[in-house]
Amino acid sequence: MSSADPYRFQVNLSGMIDILSNHLYSSPKVFLRELMQNATDAITARRKLETGHKGSVMVELSGDGSSATMTVEDNGIGLTEEEIHEFLAMIGQSSKRDSDSLAAETSFIGRFGIGLLSCFMVSDEIIMLTQSAKGGPAMEWRGKPDGTYTIRKLETKLSPGTKVYLRCKPEAEMYFEPDEVGEKLFYYGALLPYPITLRTSDSSRVINAELPVWIEEPGLARSRRQEVLQFGQRLLGEQFGDFIPLRTASGRTGGIAYILPHAVNLNARRSNRVYLKQMLVSEKAENVLPEWAFFVKCLIWTDELQPTASREHFYENERLEQIREELGDSIRDELLRMAEYDPDRLQAIIRLHALSMKALAVEDDAFFGLIYRWLPFESTYGSMELGALVREGQKIYYTFTVDEYRQITHVAAAQSLLVVNGGYIYDGALLSILPQVCPEADTELLSVDDISLSFVELSSVERNRYYDFLRMADSVLQRFRCHVELKRFKPAELPALYTLSKESAALRSLEAAEEKSTELLSSVLKNLSASLNEAAYAKLYFNLDNPMIARIADSSDKVMLPIAIEMLYVNALMMGHYPMSREELAVLNKGIVRFIDWGLAKSAQTGGDDQ
Ligand SMILES: Nc1ncnc2c1ncn2[C@@H]1O[C@H](COP(=O)(O)OP(=O)(O)OP(=O)(O)O)[C@@H](O)[C@H]1O
């Protein structure tokens, strides 16, 4: 044989089934979804031939445990012998693709030609009896997971449709239990417009009662509050108290956004349920709503999105982008309406979901303008709504980081400065645009350096008096690259305030990284830190209004003074919530021990009555 001879790929079907079950599908239970989808598509195809045809699906269970069997029968289009050869004999071949592109829109849900294989996760054989509505004999197809199949013509004609027969394989018993099957049928098919009947040896019931009217016209949901809330609870398993109907302009996508009854984390996974052609295809669709809409859990129905093969996501294309925007607009418009006509309802939502509201406000000035007054912020006047902060009539200073806010907060509060913590996500950005949406608000970014402007300078007499103290303090903290200054400021209880310029903050984090890094990286970091200049010095302000500082500054104790200065330095770091370097921690530990020692010695001298 010459080296150019072509060979044909062989497909190891059992290997493929393993890939499907372990990597593509989230659980074997999805075989029921795939069967329901096929039945739905078959009914859609038949309705194209016979307008007005009434679809129905019958699921029948018999036997139990390892001898359980299931049949899923639809009265759809069925398959002719030729179609069986074309679509069932070749994996990846589907009768439902109008064009070659997998992402192109069709009136069907299926497109990949692999769904039926999922049945091998629960059964070692798939038997399909089918009668095409286009005529011809009834056919039987039997497929095995080893990739073999047989086809047989049946003697008698059947009524058009398809019946799939599965026999439970070991360890798949739970997927054949009547309760489990009933629950899953409702889960996947609650919105289907034709009846799904579940029949067991002793009962027969229609799983999906009448379709709610608000599925067609989501706006009607407003007047059927209880019904909509109960429907949400049954399908999503949570007790909701409020919802927002969703609808795109074309009317081809609609839904209900249930407002989560509890606060959610920004990173919580969005798990919206999306029904495609009224059949649940995706349980965890994350990309159908804008990022900011994480305060809702939605039921969405659409006939215009294209699912990926796993059905967990949808193709990210222009259509999806437009739908996402329009669904976002539905939510936003309702919130805006609430701001005007139902502020109590909106405030209840903001109380639970301030973060989500802030995320939207950052993107949308108009929305921010209407709701800013109810958004909570942390400030030196306590945790307050922005409207109340504006009503204070003062300039609103804000910081961009939590650290800065923490450093400033004591001093600012004592000086009755209104400072808002802009360090949490969205807060700084919102405060910077507040004057645009609320002209009477005056906001200004405050840096730690600015606050020192409110410090009172020493008199020249005082400067002379404390000159030596300052020189000695400066030299003690030289190794921490920190300059010392002596001022008077409020509150008097605060002995010292540590402040960092941008450069010194960068240097601190470089040094922290250096402590944890490898030798090579550490030398690179060393070079980097060497390149930072004088501005990289931090500042420690001692407060002469503080009685202890006043005493220390006057002290001539050459032994205790340097230790006291170092201790005040590490204490100021702690007050500002700065992580400490190894050397600073060592200073803290040594200092504590020396002070205890010193205290004990002093107490021994005075006979222990020194309180
Ligand atoms: N109940 C049914 N009635 C009629 N034809 C069916 C039925 N079930 C399966 N088929 C035929 O078998 C083909 C393969 O089905 P399968 O579920 O594997 O893939 P699909 O539905 O085309 O695509 P997908 O993998 O996206 O679900 C279908 O394209 C269809 O032609």
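Where is E73 found? In this model, which is a predicted one, E73 is found in strand 2, and I would like to start from that residue and work outwards through the sheet around it, then turn to the ligand, and finish with the second sheet and the helices that pack there.

Is E73 buried or exposed, or something in between? E73 counts as partly exposed, because it has 18 C-beta neighbours inside 10 Å, where 20 or more would be needed for a residue to be called buried. Leaving aside residues up to four places away in sequence, E73 touches V57, M58, G161 and K163. Two of these names bring us to the neighbouring strand, since strand 1 covers residues 57-62 and is joined to strand 2, residues 69-74, by six bridges, with the two strands running antiparallel. Within that pairing, S62 has T69 of strand 2 as its bridge partner.

The sheet as a whole is an open one of eight strands, in the order 5-4-3-6-2-1-7-8, and its pairing is mixed. At its edges stand strand 5 (149-153) and strand 8 (203-206), and because each has a single partner strand, one side of each is left without a neighbour in the sheet. Neighbouring strands here are turned against each other by 15° on average, with direction ignored. Helix 4, residues 178-189, packs on this sheet, where it touches strand 1 and strand 7 (196-200), and its direction makes about 175° with that of strand 7.

Let me move to the ligand. Which residues come nearest to the ligand? Of the 23 residues around the ligand, those are N38, S94, S95, G110 and G115. The elements giving two or more residues to this shell are helix 2 (30-49) and helix 3 (81-88), and helix 2 supplies the largest share, namely five residues. Sorted by class, the shell holds nine nonpolar, 10 polar and four charged residues.

A brief stop at another glutamate, E378, which has its place in strand 14, residues 376-379. E378 counts as partly exposed, because it has 18 C-beta neighbours inside 10 Å. Its contacts, again not counting residues up to four places away in sequence, are S383 and N421. The C-alpha atoms of E378 and D427 are separated by 9.5 Å, although these residues lie 49 residues apart along the chain.

For the second sheet, a distance may help with orientation: the C-alpha atom of V484 is separated from that of E73 by 85 Å, with their positions 411 residues apart along the chain. How are the strands of this sheet ordered? Three strands form an open sheet in the order 19-21-20, with mixed pairing. The edge strands, strand 19 (482-487) and strand 20 (496-499), each pair on one side only, and neighbouring strands are turned by 20° against each other on average, direction ignored.

The mixed character can be followed strand by strand. Strand 19 and strand 21, residues 538-543, run parallel and are joined by six bridges, and V484 has L540 in strand 21 as its bridge partner. Strand 20 and strand 21, by contrast, run antiparallel and are joined by four bridges, with A496 standing opposite F542. Strand 21 is mostly covered, in that five of its six residues are buried.

Two helices deserve mention beside this sheet. Helix 14, residues 467-477, packs on the sheet and touches strand 19 and strand 21, its direction making about 150° with that of strand 19. Helix 18, residues 560-575, has 16 residues and reaches 22 Å from its first C-alpha to its last, which is close to the 22 Å expected at 1.5 Å a residue.

What do the buried residues of helix 18 pack against? Their partners are helix 14, strand 19, strand 20, strand 21, helix 17 (547-554) and helix 19 (582-605). The buried residues themselves are A564, I565, E566, L568, Y569, V570, A572 and L573. As background for reading that list, an α-helix has 3.6 residues a turn, so residues three or four places apart point the same way.

Key: Residues are numbered from 1 along each chain as its sequence is written. This is a predicted model: local features need pLDDT of at least 70, side-chain atom pairs count only at pLDDT 80 or more; totals for chains, interfaces and linings use all residues. Two strands pair if DSSP finds at least two bridges between them. Axes are lines fitted to C-alpha atoms, for helices over the stretch in contact, and angles run from 0 to 180 degrees between N-to-C directions. Two residues are in contact if their C-beta atoms, placed from the backbone, lie within 7 Å. A residue is buried if 20 or more other C-beta atoms lie within 10 Å of its own, exposed if 12 or fewer, and partly exposed in between; C-beta atoms are placed from the backbone. A residue is near a molecule or strand if its C-beta atom, placed from the backbone, lies within 6 Å of it. Ala, Val, Leu, Ile, Met, Phe, Trp, Tyr, Cys and Pro count as nonpolar, Asp, Glu, Lys and Arg as charged, and the others, Gly among them, as polar. The expected span of a helix is 1.5 Å times one less than its number of residues.
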